[in-house]
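Subject: Structure for you to look at

Hello,

Here is the structure I promised to send over. Please open it before you read on.

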Amino acid sequence: MAKTDQMADTSPSRLIDERIASLGDWRGDMLARLRAVIHRAEPEVVEEWKWRGVPVWYRNGMICTGETYKNAVKMTFAKGAALDDPSGLFNASLEGNTRRAIDFHEGDGVDEEALAALIRSAVALNSTKRR
């Protein structure tokens, strides 16, 4: 296999696709849904694959991660503590000074409009602060 073929096979987007497919349950469906919201909210988002298997989305800095656990899919916003959350989406990692997270569990709904607004706010914050 040529080097460019190997690079294409391990692109972050492909690795995220593979993670979603490998989960084979509600967590894969949830991660795919959250990913779609991220892409709709910020079409110029860049996907990365960090820390041995965590999807990470960037635009002018890190926006959020998409971690999967046995009983939850967690979106951790890198600068979540600095974001307004009028819809009250943040429900985890509330004690820190920097990050905030949203834990999604099986059967949970997703307020896609509020989540998209939070993503756009994170991108705007990244654009106004020095990195």
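Below is what I found, going from the whole chain to single residues.

**Overall**

Please keep in mind that this is a predicted model. The chain holds four helices and five strands. Read from the N terminus, the elements go α-α-α-β-β-β-β-β-α. The radius of gyration is 15 Å, and the globule rule gives 14 Å for 131 residues, so the chain is as compact as a globular protein of that length. Along the principal axes, the C-alpha atoms fill a box of roughly 50 × 35 × 25 Å.

Some totals for the chain. Of the 131 residues, 43% are buried. The accessible surface is about 7500 Å², and carbon and sulfur atoms account for 47% of that. Take the contacts between residues at least 6 apart in sequence: 49% of them link residues at least 24 apart.

**The sheet**

The five strands form an open sheet in the order β1-β2-β3-β4-β5, and the pairing is antiparallel. At the edges are β1 (46–50) and β5 (100–104), each paired on one side only. From one strand to the next, the twist averages 20 degrees.

Start at the β1 end. β1 pairs with β2 (residues 54–58) in the antiparallel sense, over five bridges. Within this pair, Glu-48 stands opposite Val-56 of β2.

Two helices meet the sheet. Helix α2 (residues 12–23) lies across β1, β2 and β3 (62–68). α2 runs at about 65 degrees to β1. Helix α3 (residues 26–41) also packs on the sheet, and touches β1, β2, β3, β4 (73–77) and β5. The directions of α3 and β4 make an angle of about 30 degrees.

Now the other end. β4 and β5 are antiparallel partners over five bridges. Phe-77 has Arg-100 in β5 as its bridge partner.

How well covered is β5? Mostly: five of its five residues are buried. Arg-100, Ile-102 and Phe-104 point one way, Ala-101 and Asp-103 the other, and all are buried. β5 is thus an edge strand with both of its faces covered.

**Glu-42**

This residue sits in the loop between α3 and β1. Is Glu-42 buried or exposed? Glu-42 has a relative accessible area of 12%. The cut-off for buried is under 20%, so Glu-42 counts as buried.

What does Glu-42 touch, leaving out residues up to four places away in sequence? The answer is Arg-59, Ile-119 and Val-123. With Arg-59 there is also a side-chain to side-chain polar contact of 3.3 Å.

**Thr-128**

Thr-128 belongs to helix α4 (residues 112–128). Its relative accessible area is 63%. Exposed means over 50%, so Thr-128 is exposed.

Which backbone atom lies 3.1 Å from a polar atom of the Thr-128 side chain? It is the backbone oxygen of Leu-125. For a sense of distance, take Trp-26, which is 102 residues from Thr-128 along the chain. The C-alpha atoms of Trp-26 and Thr-128 are 36 Å apart.

**Where to look**

Three places to open in the viewer: the covered edge strand β5, the polar contact between Glu-42 and Arg-59, and the exposed Thr-128 in α4.

Best wishes

Note on methods:
Residues numbered from 1 in each chain as written. Predicted model: local features only at pLDDT ≥ 70, side-chain atom pairs only at ≥ 80, totals over all residues. Heavy atoms only, no water. Pairing = 2+ DSSP bridges. Axes fitted to C-alpha atoms, helices over the stretch in contact; angles between N-to-C directions. Contact = heavy atoms within 4.5 Å. Rg over C-alpha atoms; globule rule 2.2 N^0.38 Å. Buried < 20%, exposed > 50% of the residue type's maximum accessible area, 1.4 Å probe, protein only. Areas by Shrake-Rupley, 256 points an atom, 1.4 Å probe, with all protein chains shown as cover. Polar contact = N/O pair within 3.5 Å; in protein donor to acceptor, adjacent residues only side chain to side chain.
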